[in-house]
Amino acid sequence: MENFIFHNPVKILFGKNQIVQISQEVPKDKRVMIVYGGGSIIKTGVLQRVKDALENDVVFEFGGVEVNPHYETLMRAVDIVKSENIDFLLAVGGGSVIDGTKFIAAASKYQGDPWDIIKSYGSVVQEALPIGCVLTLAATGSEMNSVAVVTRTETKDKLFFDSKHIMPKFSVLEPEITFTLPKNQTANGVVDAFIHILEQYITYPANAKIQDRFAESLLNTLTEDGPKAIVNPDDYEARSNIMWCATMALNGMLSTGVPVDWATHMIGQEITGLYGLDHAQTLAIVMPALWTVCKADKSAKLAQYAASVWNIPAEDESVMADRAIECTIKFFETMGLKTHLSDYGLGEEIIPVVVEKLKEHGHINIGEKQKITAEVATEILKLAL
Ligand code: NZQ
Ligand code: ZN
C-alpha cells in the first residue's frame, strides 16, 4: 500500500425526511441561494420542502443549470451572488447542479479570470463560499467530494477541477427523492458509480486488502440492487443501497494508497463535450474497449474481479479477464446502456477529433501506468466503434 492522507469533512444526513434538518445546518444569518437544474425539483415538490425547511430571511433561487453544467450559465449565477451578497449556496439536484454550485462557490471568491479555476485544475482556488447539498440523483459522488466538472460550450471543453475548498459542508441523502428518476437516469447513475469503483480498482495489485474488498462489496451491491431499482423504482431498500454506494464510490476512500486509472473518464469526457452523450453512456462505451487494449497490464485485477464479483471459477488469468469484460458489458446492457459508439450514430470520423481534444487538454500518457498515449487512445476508440 502506498502512503496517503485521507480527510473528508462532509457531514451526511441520510434517510427519510432529512430535509427538515437543513435548518440546523445552514446558519440563520446567511443570505442563501438555492441552485437547481431544469425544474425536476419543482415537479417533485423537493424545492418546496427545501424552502419550507429553511429558516433564513433571505433566500434567492437560481434555476436552469444544465446537464453537464455550462460555464456561461454559472457565470450568470456568480454575478447575482456578488450583487446580492449571497454567502451560502444550497445545491438541490444531481451531479450537474452540485458541480455547478461548486464552481459558483469558487468563482464568486476568485479575483482573476474565472476560467483560470478550470485551467489550473483548481490549484488557484484559495477560498469558496460554503455549500450545502440536497442530492436528487445517486451517481457522481459530488455530494461528498472535492471535484466539479464544467463545460464551456463555445469551445466544447468539458474539464474538471479539484479543490478542498469546494467540499460541501453537508449533504442530505434521502433515497425516496430518487423514486422519481426516469429509468435512463437511474441506469446512468448506477453505471457511473460502478465505473468510479472500477477506475480505482482495476489497475494492478497493491496489496491493499481493505480498499479491494470495500470496492468488491460496493460492486456486488450495485449488481444486485441496480436492476431492482429499474424494475421497481419505489424499492426503498434498493434505492438506499444504491445511494450510499454511489457516495462511497467517490469520496476518496477507495483511492487511498492504491494506483488509480481514470483514463475512461478522460476519454469519455471529451466525447460528452464534443457530441453531448450522457456522461455514463460514454463510460460504458470506453471502459470495455480500454480494458481489452490494456488487458496485459490489468489482468491480475480483472481476474480478481471476475472471481469476487462475477463468481467466475479460477482458471487461466487471461481467460478470467476476458470473462470479466464480457460480464461487465452484459451488466451495462442489462441496465439499458449501449456499449458502442455506433449505437449513438458515431463513426470513425470522430476518433481524430476526440484524440485532438485529449492532446489539447494534455490528457495523454494517462492511465495507472501512463501508457495511454494518443496512439493507444486511437486504438481504444477504434475498438469501441
Ligand atoms: O435538471 P433537472 O430538471 O433537475 O433534471 C435532472 C437531469 O435532467 C434529472 N433529475 C435529477 N434528479 C431527479 C431528476 N429527475 C427526476 N427526479 C429526480 N429526483 O436527471 C437529469 C440528469 O441530472 P445530472 O445532474 O446531469 O446527472 P448526474 O448526477 O449523473 O450528473 C452528471 C454530471 O456530473 C459530472 C458529469 O460529468 C456530469 O457533468 N460528474 C461529476 C463528478 C464529480 N463531481 O465528482 C464525477 C463524475 O465522474 C462526473 O464526471
Ligand atoms: Zn463518472
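How much helix and how much strand does the chain have over residues 186-383, and how far apart are the end C-alpha atoms? I looked it up: 68% helix and 0% strand, with the end C-alpha atoms 27 Å apart. Helices (H or I, at least four residues) and strands (E, at least two) are DSSP runs, numbered from the N terminus.

Ground rules. I am working on a predicted model, where local features need pLDDT of at least 70, side-chain atom pairs count only at pLDDT 80 or more, and totals for chains, interfaces and linings use all residues. Residues are numbered from 1 along each chain as its sequence is written, chains are lettered from A and ligands numbered from 1 in the order in which they are written, and side-chain values use heavy atoms, with hydrogens and water left out.

Annotations. I checked UniProt next. Its unreviewed entry gives residues 186-383 as "domain: Fe-containing alcohol dehydrogenase-like C-terminal". It also lists "domain: Alcohol dehydrogenase iron-type/glycerol dehydrogenase GldA" for residues 9-175. Such annotations may be inferred rather than shown by experiment, and positions follow the numbering used here, with feature names shortened. Over residues 9-175 I read 28% helix and 24% strand, with the end C-alpha atoms 21 Å apart.

Domains. The chain is divided into domain 1 (11-176) and domain 2 (183-383), with bounds from an automatic or database domain assignment. Their C-alpha centres lie 26 Å apart. The contact (heavy atoms within 4.5 Å) takes 26 residues from domain 1 and 25 from domain 2.

Ligand 1. I found 30 residues around ligand 1 (a heavy atom within 4 Å). The closest are Gly 38, Ser 40, Gly 95, Ser 96 and Lys 158. Each domain gives at least three residues to this shell. By class, the shell has 10 nonpolar, 17 polar and 3 charged residues; Ala, Val, Leu, Ile, Met, Phe, Trp, Tyr, Cys and Pro count as nonpolar, Asp, Glu, Lys and Arg as charged, and the others, Gly among them, as polar.

I then listed distances. A side-chain N or O atom of Asp 99 is 2.8 Å from a nitrogen atom of ligand 1. For His 196, the partner is an oxygen atom of ligand 1, at 2.8 Å. For His 279, a polar side-chain atom lies 3.0 Å from an oxygen atom of ligand 1. The protein covers 89% of the 970 Å² of accessible area that ligand 1 has on its own (Shrake-Rupley method, 1.4 Å probe).

His 279. I placed this residue in helix α11 (residues 279-293). His 279 touches Asp 192, His 196, His 265 and Thr 272, not counting residues up to four places away in sequence.

Key
Polar contact = N/O pair within 3.5 Å; in protein donor to acceptor, adjacent residues only side chain to side chain.
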